Amino acid sequence: MGSVRVVVLADTHAPRRWKTCPPAVASCLRGADLILHAGDVCTAQVLDELAGYAPVLAVKGNNDGRDVAAWGAPERLDTSIDGLRVGMVHDSGPAAGRPDRLRRRFPGVALVVFGHSHIPMDHTEHGQRIFNPGSPTDRRRQPRGTLGLLDIADGRLIQAQIVAVT
């Protein structure tokens, strides 16, 4: 069996920043087996739109309302993707101490996906990888809008990339 192709999004901020799926994002979504959204979707319609490409797992962000929670987005998520333990939360707290804080919050989890800062990050410390895809639509102080691509197989993260989409 091949790897599981995962597209990771966060901070899409619809409808202010995401009116409909941007073409460069749609291009990445077409090959996805799974989509992770690390919160601040802002409207469940985005999750429905994403589900037209692949199954979606999402967490609720600080700008998400009841409709996103009703869609099925919890505050935090612990799951397994092809045998790899994955945690997801929107706000990981301040940058200082983040790896230790996430390791305490998600013990034994190999990969933690988060959002909130709109700042892409791919960092490994003490055996745990922390991954923020940035935002494809609200780049703030970043030079480009971004998303994440993961390839997971047999309990291992084979590849992780942060990809510019603007």
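D154 is found in the loop that runs between β9 and β10 (156-164). Its phi sits near 50 degrees in this predicted model, which is a positive value in a residue other than glycine. D154 is also exposed, with a relative accessible area of 67%.

There's a second residue to look at in the same way. D40 has phi near 60 degrees, again a positive value in a residue other than glycine. D40 lies in the loop between β2 (34-37) and α2. Buried or exposed, then, is D40? It is buried, at a relative accessible area of 2%. With the cut-offs at under 20% for buried and over 50% for exposed, D40 falls on the buried side, while D154 falls on the exposed side.

One more backbone detail while we're in the loops: the peptide bond from A14 to P15 is cis, with omega near -5 degrees. P15 belongs to the loop between β1 and α1.

**Around β1**

That brings us to β1 itself. Of its 6 residues, 5 are buried, so β1 is largely enclosed by the rest of the structure. Which strands does β1 pair with? It runs antiparallel to β9, joined by 5 bridges, and it pairs with β2 in the parallel sense over 4 bridges. You can pick out individual partners: V8 has L36 of β2 as its bridge partner, and V6 stands opposite L150 in β9. From β1 the chain crosses through α1 to β2, and this β-α-β crossover is right-handed.

**The other sheet to trace**

Now follow the order β4-β5-β6-β8-β7: these 5 strands form an open sheet with mixed pairing. β4 (76-81) and β7 (121-125) stand at the edges with a single partner strand each, so one side of each has no neighbour in the sheet. Neighbouring strands here are turned by 20 degrees against each other on average, ignoring direction. Inside the sheet, β5 (residues 84-89) and β6 (residues 111-114) pair in the parallel sense over 4 bridges, and V89 has F114 in β6 as its bridge partner. Helix α4 (residues 98-105) packs on the sheet, touching β4, β5, β6, β7 and β8 (128-132). The direction of α4 makes about 110 degrees with that of β8.

**Nonpolar cores**

In soluble globular proteins, nonpolar side chains tend to be buried together. Here the largest nonpolar core has 23 residues, and V25, I35, L50 and L147 touch the most other members. The elements giving two or more residues to this core are β1 (4-9), α1 (23-29), α2 (44-51), β3 (56-58) and β9 (146-153). Which of them gives the largest share? That's α1, with 4 residues. For a closer look at one of the well-connected members, take L50: leaving aside neighbours within four places in sequence, L50 is in contact with L9, W18, L29, I35, H37 and V56. Another core, of 19 residues, lies apart from this one, and V6, A38, L77 and L84 are among its members.

**Salt bridges**

Side chains of opposite charge can pair when their charged atoms come close. The count comes to 8 salt bridges; three of them are set out below, with N to O distances and relative accessible areas.

| Pair | N to O distance | Acidic partner | Basic partner |
|---|---|---|---|
| D151 and R5 | 3.1 Å | D151, 12% | R5, 26% |
| D78 and R76 | 2.8 Å | D78, 43% | R76, 31% |
| D122 and R129 | 2.7 Å | D122, 34% | R129, 23% |

The D151 and R5 pair links distant parts of the chain: D151 is in strand β9, R5 is in strand β1, and they are 146 residues apart. That ties in with the strands above, where β1 and β9 run antiparallel. D151 is buried, whereas R5 counts as partly exposed. In the R76 and D78 pair, R76 is partly exposed and so is D78. D122 counts as partly exposed too, as does R129.

There's a network as well: salt bridges that share partners join R16, R17, D138 and R140.

Key:
Residues numbered from 1 in each chain as written. Predicted model: local features only at pLDDT ≥ 70, side-chain atom pairs only at ≥ 80, totals over all residues. Heavy atoms only, no water. Pairing = 2+ DSSP bridges. Axes fitted to C-alpha atoms, helices over the stretch in contact; angles between N-to-C directions. Contact = heavy atoms within 4.5 Å. Core = buried A, V, L, I, M, F, W, Y, C linked by side-chain atoms within 4.5 Å. Buried < 20%, exposed > 50% of the residue type's maximum accessible area, 1.4 Å probe, protein only. Right-handed = clockwise from strand over helix to strand, strands pointing away. Salt bridge = Lys/Arg side-chain N within 4 Å of Asp/Glu carboxyl O.
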